[in-house]
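Hi everyone, thanks for coming. Have a look at the sequence and the structure first, and then I'll talk you through a couple of spots.

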Amino acid sequence: MDYFQSLKTVLSTRLYRNCVLVFSLLLFVVTGIQFWMTDYFIRVLHASKKIVNLGFILISITAPVLGTVFGGYVVNKLGGYTNPNTIKAIFFFCLLCTIPAQALPYLDTFLVAAAFLWNLLFWGGAMIPGLTGLIMVSVPVELRSFGNSKSELIKNLIGYFPSPFIYGMTVAFLADDRAGLKVLVMATVIPPFLLLSLLLSEVTIYSDEHPQQLKEEDPQVIS
């Protein structure tokens, strides 16, 4: 299979495509937060610089790490990535991530905003183990390295790269210090719909128990 055939196979897979987009949008939000949130707390909420720096360090360390551990534990308890309930769990985590994200730009108190930010990063972190596994098992075994490399490219192009620039340009263009954060968190509205579309349709998961025997008719279809 040549490059373009492999690319077509990977990108035409609904499970792969949606999970990569969800992951990319999550990174879009998180990257912007990592880059700009301390400045936002100081300039917009007028919090002490020392308190903001200390608080952001604690939030950045505890929330994503604990969230990732929790998400991995839940996926494992559900039976792994090939269990249909994994998508349901990620959808639930996504909703819990979206709610505090949408409220964050409208909060005026540092401690309340910090608590909402912690929840955003915790539930965002909880999505990562399930999304990573689903991306891997959404394509045939022989295309997993190819699919993984392309998913990283998409994450960088949609998630990591544009986020800080879009935040900064939005604030400068609209002359509104809250506008950048509002644009960032708008990205959390899309993932629930992408995951819901997976729950409402059949998706194909490829087992890796016997990769050498894997054929086109072998995938497991779940709904």
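I'll start with how far to trust the model, then go to one helix and one pocket.

So, this is a predicted model: local features need pLDDT of at least 70, side-chain atom pairs count only at pLDDT 80 or more, and totals for chains, interfaces and linings use all residues. Residues are numbered from 1 along each chain as its sequence is written, and side-chain values use heavy atoms, with hydrogens and water left out.

pLDDT is the predictor's confidence in each residue, from 0 to 100. The chain averages 89, and 92% of the residues score at least 70. Over residues 210–219, though, the pLDDT is below 50.

Now find helix α7, residues 163–174 (helices are DSSP runs of H or I, at least four residues, numbered from the N terminus). Which residues of α7 are buried, meaning under 20% relative accessible area with a 1.4 Å probe, protein chains only? They're Ser-163, Pro-164, Tyr-167, Thr-170 and Val-171. Looking down the axis, these fall within an arc of 135° (taken from the directions from the axis to the C-beta atoms), so they line one face of α7. Turned away from that side are Phe-165, Met-169, Ala-172 and Phe-173, which are exposed (over 50%). Just after α7, Ala-175 has a positive phi of about 55°.

Last stop, the largest pocket. It's lined by 14 residues, with α2 giving the largest share, 6 residues. Nearest the centre lie Val-30, Gln-34, Pro-64, Leu-121 and Ile-128.

Methods:
Contact = heavy atoms within 4.5 Å. Helix = DSSP H or I, 4+ residues; strand = E, 2+ residues; numbered from the N terminus. Expected span 1.5 Å × (residues − 1). 1 Å grid on protein atoms, 1.4 Å probe; cavity = no way out; pocket = protein on both sides within 12 Å on 5 of 7 lines; lining within 4 Å.
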